[in-house]
Amino acid sequence: REANRGASCSGQITEKEQRDKMPPTKEAVKEAFAKADKDGNGKLSMNEFKVALTELAEDDEDRKVGENNETVKMLMTMVDGDGDKMLSCDELLNLITLATAEEEEDPKEKLKSIFRLYDCDGDGFISKKELAKIIKHMKMLYDDDEDSPGEMKRKINMMMVMADEDGDGKLSYDEFCKMTNSD
């Protein structure tokens, strides 16, 4: 009996323990996506998204996230780049990138990940529309009072004027960093 207990405590990290400590790989995310995409349309509904979150969960706490409808809805809104209330595999990968960025120690790397997340069309800039999505997401996170559409538009225009140094109507990564006081 004593020998058996000693053998199981060899000091080596099991493959499962190592997997649990690392963020999911791109392949694991694609597998979870395929498993959750029950109707095979290449997009995840909210219920399918919950399945993917459960599949990718590393522990009980992560699994609870997938069970909370409000949290799932917020996450879905946050990464749904095209606004169709469905998630593509790329959008799910963006969420995992953001989650990984949350654990990132280097603030510059974290900010790069966040910038890429909100650069929905992948053109290397954040447009007014993309900036509006950031603000909407922040309001959801911090349960801020809802602004009227006119007030929201005014705030976005003001932020864009203040941050868009070259006046091209969009934010570069450097402008985004300065706007967030993280340069």
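Residues 24 or more positions apart account for 52% of the contacts in the protein with a separation of 6 or more. Contact here means heavy atoms within 4.5 Å. The model is a predicted one: local features need pLDDT of at least 70, side-chain atom pairs count only at pLDDT 80 or more, and totals for chains, interfaces and linings use all residues. Residues are numbered from 1 along each chain as its sequence is written, and side-chain values use heavy atoms, with hydrogens and water left out.

**Overall build**

The protein has 11 helices and zero strands. Its pattern along the sequence reads α-α-α-α-α-α-α-α-α-α-α. Helices (H or I, at least four residues) and strands (E, at least two) are DSSP runs, numbered from the N terminus. The protein has 183 residues, and 32% of them count as buried. Buried means under 20% relative accessible area, exposed means over 50%, and partly exposed lies in between (1.4 Å probe, protein chains only).

**Two crossing helices**

How do two packed helices get described? The angle between their axes and the distance between the axes are used. Take helix H4 (residues 46–56) and helix H6 (residues 69–79): their axes come within 10 Å and cross at roughly 100°. That makes H4 roughly perpendicular to H6. On the H4 side, the contact is made by Met46, Phe49, Lys50 and Leu53. On the H6 side, Asn69, Val72, Lys73, Leu75 and Met76 take part. Axes are lines fitted to C-alpha atoms, for helices over the stretch in contact, and angles run from 0 to 180 degrees between N-to-C directions. Angles under 35 degrees count as roughly parallel, over 145 as roughly antiparallel, 65 to 115 as roughly perpendicular and the rest as oblique.

Glu55 also lies in helix H4. Glu55 is partly exposed, with a relative accessible area of 41%. Its C-alpha atom is separated by 8.9 Å from that of Phe33, and the two residues are 22 residues apart along the chain. Neighbours within four places in sequence aside, Glu55 is in contact with Ala32 and Lys35.

After H6 comes a loop that leads to helix H7 (89–103), and Lys85 sits in this loop. Phi of Lys85 is near 60°, a positive value in a residue other than glycine. Lys85 counts as exposed, at 67% relative accessibility.

**Charged pairs**

Side chains of opposite charge can pair when their charged atoms come close. A salt bridge is a side-chain nitrogen of Lys or Arg within 4 Å of a carboxyl oxygen of Asp or Glu. By this rule the count comes to five salt bridges. The table shows some of them.

| Salt bridge | Closest N to O |
|---|---|
| Asp60 and Arg63 | 3.4 Å |
| Arg154 and Glu151 | 2.9 Å |
| Glu165 and Lys178 | 3.3 Å |

Where does the pair Glu165 and Lys178 lie? Glu165 is in the loop between H10 and H11, Lys178 is in helix H11, and the pair links distant parts of the chain, 13 residues apart. Glu165 is exposed, with a relative accessible area of 55%. Lys178 counts as partly exposed, at 39% relative accessibility.

Asp60 and Arg63 both lie in helix H5 (residues 60–67), three residues apart, about one turn of the helix. Asp60 is exposed at 53% relative accessible area, while Arg63 counts as partly exposed at 31%.

Arg154 and Glu151 are separated by about one helical turn, because they are three residues apart in helix H10 (residues 149–163). Arg154 counts as partly exposed at 45% relative accessibility. Glu151 is partly exposed too, with 27% relative accessible area.

**Buried acids without a partner**

Lys and Arg count as positive and Asp and Glu as negative; His and the chain ends are not counted. Is Glu175 buried or exposed? Glu175 is buried, yet has no salt bridge. The nearest side chain of opposite charge, Lys178, is 7.5 Å away. Glu175 has its place in helix H11 (residues 173–179). A polar atom of its side chain lies 3.2 Å from the backbone nitrogen of Asp166. Not counting residues up to four places away in sequence, Glu175 touches Ala163, Asp164, Glu165, Asp166 and Lys170.

Asp37 lies in the loop between helix H3 (26–36) and H4. Asp37 is buried and has no salt bridge. Lys38 is the nearest side chain of opposite charge, 9.4 Å away. Leaving aside neighbours within four places in sequence, Asp37 is in contact with Gly42, Lys43, Leu44 and Glu48.

Notes:
A polar contact is a pair of N or O atoms within 3.5 Å; within protein, one must be able to donate a hydrogen and the other to accept it, and residues adjacent in sequence count only if both atoms are side-chain atoms.
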